[in-house]
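User: I am new to this structure. Please take a close look at the ligand and its surroundings, and walk me through that part.

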Amino acid sequence: MSVQHLRVIDSHTEGEPTRVVIEGGPDLGSGTVAEKARRLRDEHDWLRSSVCNEPRGHDAMVGALLVEPHEPDCCCGVIFFNNVSTLNMCLHGTIGLAVTLAHLGRIGPGEHRIDTTVGVVVARIHDDGSVTVANVPSYRLATGVEVEVPGWGTVKGDISWGGNWFFLIEDQGPAVTFANLEALTTFTCAVRDALEAQGITGADGMEIDHIESFGPPSDPALSDSRNFVLCPGKAYDRSPCGTGTSAKLASLHAAGKLAPGAVWRQAGILDTVFSGCVEALPDGKVLPRVSGRAWVTGESDYLFDPADPFRHGIPSSL
Ligand code: PYC
């Protein structure tokens, strides 16, 4: 492999990190972003591991590789990934990407189409620097789904798509507070394992790889609900999770609890907030729009010394 270096820009979106690779990625050939993502996963996993895993990264890191878009009129394509694998979509990461591209002077206020693994999303950069992302069409696949979770009993939830597959749980398991991070991680990992063991999946057998637990807001003046989101692997989302908020909006709409255009304020475990609303689509799905803020925190050049046994990262134990 002839890689000399990678150039990355770090940001965080409401607490959740995004590391955008702007230079030095491998040639992923032509085709759709989904095809390029498969090639990245199957043939160039060193990039994901170098960016997200120690010693450069950590378990909560989300990476974003800029690629040529396939869909027309897009400013870029992007492949998201984390400490264990590529991700379908990442909305906090899209906000981080938009702020990063603005920091580089490549885009400015206004709307920008971005080609992702699961479809085109549109990021609008507002004059105050906040970003609204019109996500991919989202929907509730099933409600009241029961899963037997060893040690926790029967857990009931919705299965919804918001760019990733989510199992949404309300008022079950440990209370959704920062003090309960460890118990929430244990609980949601047990739920995810049980879903897999019992063959409960998203559409087309796709794995439900995100588990989202909801509780009351810490302050109803600031948000409508607080969540804890377990990401693929064992790290939790420090932000309210944009695809998770989209899945929640789709579930609320399907339950008749969220009218088109009405605003839902979703707090994450750090009590930072994404606000969102839906537009109803003719096929029964919804188009979620989710807003949040991101801040650029650093720029780095990564060096790859052939003598360094960990130049491509230490595999995550999670
Ligand atoms: O914001 O969509 C999101 C997300 C997915 C995984 C981590 N964050």
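Analyst:
**The shell around the ligand**

Ten names come up here: the ligand is surrounded by Glu16, Cys90, Leu91, His92, His210, Cys231, Asp237, Cys241, Gly242 and Thr243. Keep in mind that this is a predicted model.

Sort that shell by character. It holds 4 nonpolar, 4 polar and 2 charged residues. Now sort by helix. Helix α3 covers residues 91-103, and helix α5 covers 242-254. Each of these two helices gives at least two residues to the shell.

Next, the polar contacts. Start with the backbone. Leucine 91 places a backbone N or O atom 2.8 Å from an oxygen atom of the ligand. Histidine 92 also has a backbone N or O atom 2.8 Å from a ligand oxygen atom. Aspartate 237 uses its side chain: an N or O atom there lies 2.8 Å from a nitrogen atom of the ligand.

How much of the ligand does the protein bury? Alone, the ligand exposes 250 Å², and the protein buries 99% of that area. Where does the ligand sit? The space that the ligand takes up is the largest cavity.

One residue outside that list deserves a look too. Serine 50 belongs to helix α2, which runs over residues 45-52. Is serine 50 buried or exposed? Its relative accessible area is 0%, so serine 50 is buried; the cut-off for buried is under 20%. Compare its position with proline 72, which is 22 residues away along the chain. The C-alpha atoms of serine 50 and proline 72 are 31 Å apart.

Notes. Residues are numbered from 1 along each chain as its sequence is written. This is a predicted model: local features need pLDDT of at least 70, side-chain atom pairs count only at pLDDT 80 or more; totals for chains, interfaces and linings use all residues. Side-chain values use heavy atoms; hydrogens and water are left out. A residue is near a molecule or strand if one of its heavy atoms lies within 4 Å of it. A polar contact is a pair of N or O atoms within 3.5 Å; within protein, one must be able to donate a hydrogen and the other to accept it, and residues adjacent in sequence count only if both atoms are side-chain atoms. Accessible areas come from the Shrake-Rupley method with a 1.4 Å probe; for residues, only the protein chains shown count as cover. On a 1 Å grid over the protein atoms alone, a cavity is a set of points where a 1.4 Å probe fits but cannot get out, and a pocket is an open set with protein on both sides within 12 Å along at least five of seven lines; lining residues have an atom within 4 Å of a point. A molecule sits in a cavity or pocket if more than half of its atoms lie within 2 Å of its grid points. Helices (H or I, at least four residues) and strands (E, at least two) are DSSP runs, numbered from the N terminus. Ala, Val, Leu, Ile, Met, Phe, Trp, Tyr, Cys and Pro count as nonpolar, Asp, Glu, Lys and Arg as charged, and the others, Gly among them, as polar. Buried means under 20% relative accessible area, exposed over 50%, partly exposed in between (1.4 Å probe, protein chains only).
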